[in-house]
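Trainee: I would like to learn how to read this model. Can we go through it feature by feature?

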Amino acid sequence: MPESVMLITCLVSAPCRSEGLCKMSGCSRNVDDIRALLQSCKSFGPQQRMKFYDSWAETYEQDSEVMNYRAPHLVIDFLNANFSGDRQGARVLDVACGSGLVAKLMVELGFRLFVGVDGSRGMLDQAAKTGLYQDLRLALLGTQALPAQTGAFDVVIIVGALRDGFVPVSVVRELCCAAKPGGLVCMSRVDPKSESGDRYKACLERELQLMEEEGLWTHVVSADMHRYMMDVYNSSTEGEQNQQYLSGTMQLYRKSPR
């Protein structure tokens, strides 16, 4: 294992600065702990990043609460407001499903049929523990093809992974391909404060528009995603960090019926 990955594994494995105290009191990492964790993996390639998520998987949801990570709640509310089909019978492809946060929220709204895809084996293990997925598939998107049957899903959803360094823009066509004719593709785009993030945003917007011009799908609705998570990706003091949040955009497309 590369030295950098070993370092991250050690960081992720430590619940906070005082392990003994945590075992006694049940405390968790604070924002500075998580920021240090994520800063340490900024230069990782796709495979190293997935090993990082393997190590992070067991405490991911707990740490997400510390970061005030609200993207799954915002996106599912957005989808729910625009979905008029049969929830119990709808097949949902949850792309970059992580530990299963999206499925947990969707099942509360009546959805029952889920297939999850993620690049991290550790995250898929956590998702399996929810008991909500009929199938879970391992794939490093952008390197491997999306493991989904063409035209099989009523809803294809991806939350939090459309950003520079994670899921490449090219995968958006695969999301559309997996949807049934007339099915929905629901996406959230992260808008990190960086030049590479700006380039990714511009590239994604061009691709979405091009796919619409090609007749692959039609745009249903978009909405801003305000203050969906503390900005733990950029260096700052803890006081400043608590005042800085990331934003993004939620988008819904309907696959053409042809």
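Trainee: Which elements make a right-handed β-α-β unit with helix α7?

Mentor: General idea for handedness: point the strands away from the viewer; the crossover is right-handed if the path from the first strand over the helix to the second runs clockwise. Here β1, helix α7 (residues 101-107) and β2 make such a right-handed unit. β2, helix α8 (residues 121-129) and β3 make a right-handed β-α-β unit too. Helices (H or I, at least four residues) and strands (E, at least two) are DSSP runs, numbered from the N terminus. One caution: this is a predicted model, where local features need pLDDT of at least 70 and side-chain atom pairs count only at pLDDT 80 or more, while totals for chains, interfaces and linings use all residues. Residues are numbered from 1 along each chain as its sequence is written, and side-chain values use heavy atoms, leaving out hydrogens and water.

Trainee: How many bridges pair β1 with β2, and in which sense?

Mentor: Two strands pair if DSSP finds at least two bridges between them. Strand β1 (residues 91-95) pairs with β2 over five bridges, in the parallel sense. For the register, R91 stands opposite L113, and L93 faces V115. On β2, the pairing with strand β3 (residues 133-138) is parallel as well, over five bridges. There V117 stands opposite R137. β1 also runs parallel to strand β4 (residues 153-162), joined by four bridges. In that pair, D94 is opposite I157.

Trainee: Are β1 and β2 largely enclosed or open?

Mentor: Use relative accessible area: buried is under 20%, exposed over 50%, partly exposed in between (1.4 Å probe, protein chains only). Four of the five residues of β1 are buried, so β1 is largely enclosed by the rest of the structure. In strand β2 (residues 113-118), five of the six residues are buried, so β2 is largely enclosed too.

Trainee: Which residues touch the most other members of the largest nonpolar core?

Mentor: In soluble globular proteins, nonpolar side chains tend to be buried together. A nonpolar core is a set of buried Ala, Val, Leu, Ile, Met, Phe, Trp, Tyr and Cys residues joined through side-chain atoms within 4.5 Å. The largest one has 50 residues; F52, W56, L79, M106, F114, I157 and Y228 touch the most other members. Helix α6 (residues 71-81) supplies the largest share of this core, five residues. Take L79: leaving out residues up to four places away in sequence, L79 touches M106, V155, I157, L184, C186 and L252. Another core lies apart from this one, with 29 residues, including L146 and V156.

Trainee: Which residue in the loop between β1 and α7 should I check for phi?

Mentor: Check A96, in that loop. A96 is not a glycine, yet its phi is positive, about 60°. A96 has 22% relative accessibility, so it counts as partly exposed. R227 also has a positive phi, near 45°, and is not a glycine. R227 sits in strand β6 (residues 217-230). At 46% relative accessibility, R227 counts as partly exposed.

Trainee: Where does pLDDT stay under 50?

Mentor: pLDDT is the predictor's confidence in each residue, from 0 to 100. Where pLDDT is low, the predicted coordinates should not be read in detail. The chain has a mean pLDDT of 85, and 84% of its residues reach 70 or more. Over residues 1-27 the pLDDT stays under 50; the model has 39 contacts (heavy atoms within 4.5 Å) for them beyond four places in sequence. Residues 237-242 are below 50 as well, with 13 contacts beyond near neighbours in sequence.
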